[in-house]
Amino acid sequence: MASKGQKYNKYPKEFKEALRTAYLKGEVTSSSIACDYGISVHTAETWVSKWNNPEKHGPKGLKKGRPKDSEIDWKERYEILKKYQAFLKAQRERK
């Protein structure tokens with residue numbers, strides 16, 4: 001768990017891609033990546049896990065969470081609401 005005020009290291013894409021190609025060619029291991037480049041062993045193991053099982057970690061660019069306002073069709077939602085209100089009114093009149 002992260003400590004309050006903890007800073008995370010960010011590594012350039014080129015650096016990670018170079019390590020990835022070296023790992024996939026069999027030139028380095030996750031522990032040697034950690035030792036040689038001063039990276040945490042856990043970080044190196046996480047990277048290796050993602051390189052070995054990309055489908056497990058999901059496709060890149062997958063949007064998560066609630067859609068932004070620009071993606072919501074408000075007119076369509078308004079029409080659905082009007083139809084639902086008419087349905088509820090008809091149900092009340094039946095009783």
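Q: Why is Ala 22 called buried in this predicted model?
A: Its relative accessibility is 14%. Buried means under 20%, so Ala 22 makes the cut. You'll find Ala 22 in helix H1.

Q: What makes Glu 27 and Val 28 contacts of Ala 22?
A: A contact needs heavy atoms within 4.5 Å. Leaving aside neighbours within four places in sequence, Ala 22 is in contact with Glu 27 and Val 28, so each of these two has heavy atoms within 4.5 Å of Ala 22.

Q: How far apart are the C-alpha atoms of Ala 22 and Ile 33?
A: They are separated by 9.6 Å, and the two residues sit 11 residues apart along the chain.

Q: What makes a group of residues, Ala 22 and Ile 33 among them, a nonpolar core?
A: The members have to be buried nonpolar residues joined through side-chain atoms within 4.5 Å. The largest such core here has 11 residues, including Leu 19, Ala 22, Ile 33, Trp 47 and Trp 51. Helix H1 (13-25), helix H2 (30-37) and helix H3 (41-52) each supply at least two residues of this core. H3 gives the most, with 4 residues. As a general point, nonpolar side chains tend to be buried together in soluble globular proteins.

Q: Which residues does Trp 51 touch, not counting those up to four places away in sequence?
A: Lys 16, Leu 19, Arg 20, Tyr 23 and Ile 33.

Q: How do you know that Glu 17 and Arg 20 form a salt bridge?
A: The test is a side-chain nitrogen of Lys or Arg within 4 Å of a carboxyl oxygen of Asp or Glu. For Glu 17 and Arg 20, the N to O distance is 3.7 Å, so the pair passes. Both residues lie in helix H1, 3 residues apart, which is about one turn of the helix. A search of the whole structure finds 1 salt bridge.

Q: Why are Glu 17 and Arg 20 called partly exposed?
A: That label sits between buried, under 20%, and exposed, over 50%. Glu 17 has a relative accessible area of 39%, and Arg 20 comes in at 30%, so both land in the middle band.

Q: What makes Leu 81, Tyr 84 and Phe 87 a nonpolar patch?
A: Patch members need over 30% relative accessible area, and nonpolar side chains are joined within 5 Å. Take Phe 87: its relative accessible area is 46%, so it clears that bar. It is still partly exposed, because exposed would need over 50%. Together the three residues have about 320 Å² of accessible area. Phe 87 itself is in helix H4 (residues 74-94).

Q: How many helices and strands does the chain have?
A: The chain has 4 helices and 0 strands, and from the N terminus on, its elements run α-α-α-α. Of its 95 residues, 13% count as buried.

Q: How confident is the predictor in the chain, going by pLDDT?
A: The scale runs from 0 to 100. The mean pLDDT of the chain is 81, and 83% of its residues reach 70 or more. Where pLDDT is low, the predicted coordinates should not be read in detail.

Notes: Residues numbered from 1 in each chain as written. Predicted model: local features only at pLDDT ≥ 70, side-chain atom pairs only at ≥ 80, totals over all residues. Heavy atoms only, no water. Patch = residues over 30% accessible without salt bridge, like charges linked within 9 Å, V, L, I, M, F, W, Y side chains within 5 Å. Areas by Shrake-Rupley, 256 points an atom, 1.4 Å probe, with all protein chains shown as cover. Buried < 20%, exposed > 50% of the residue type's maximum accessible area, 1.4 Å probe, protein only.
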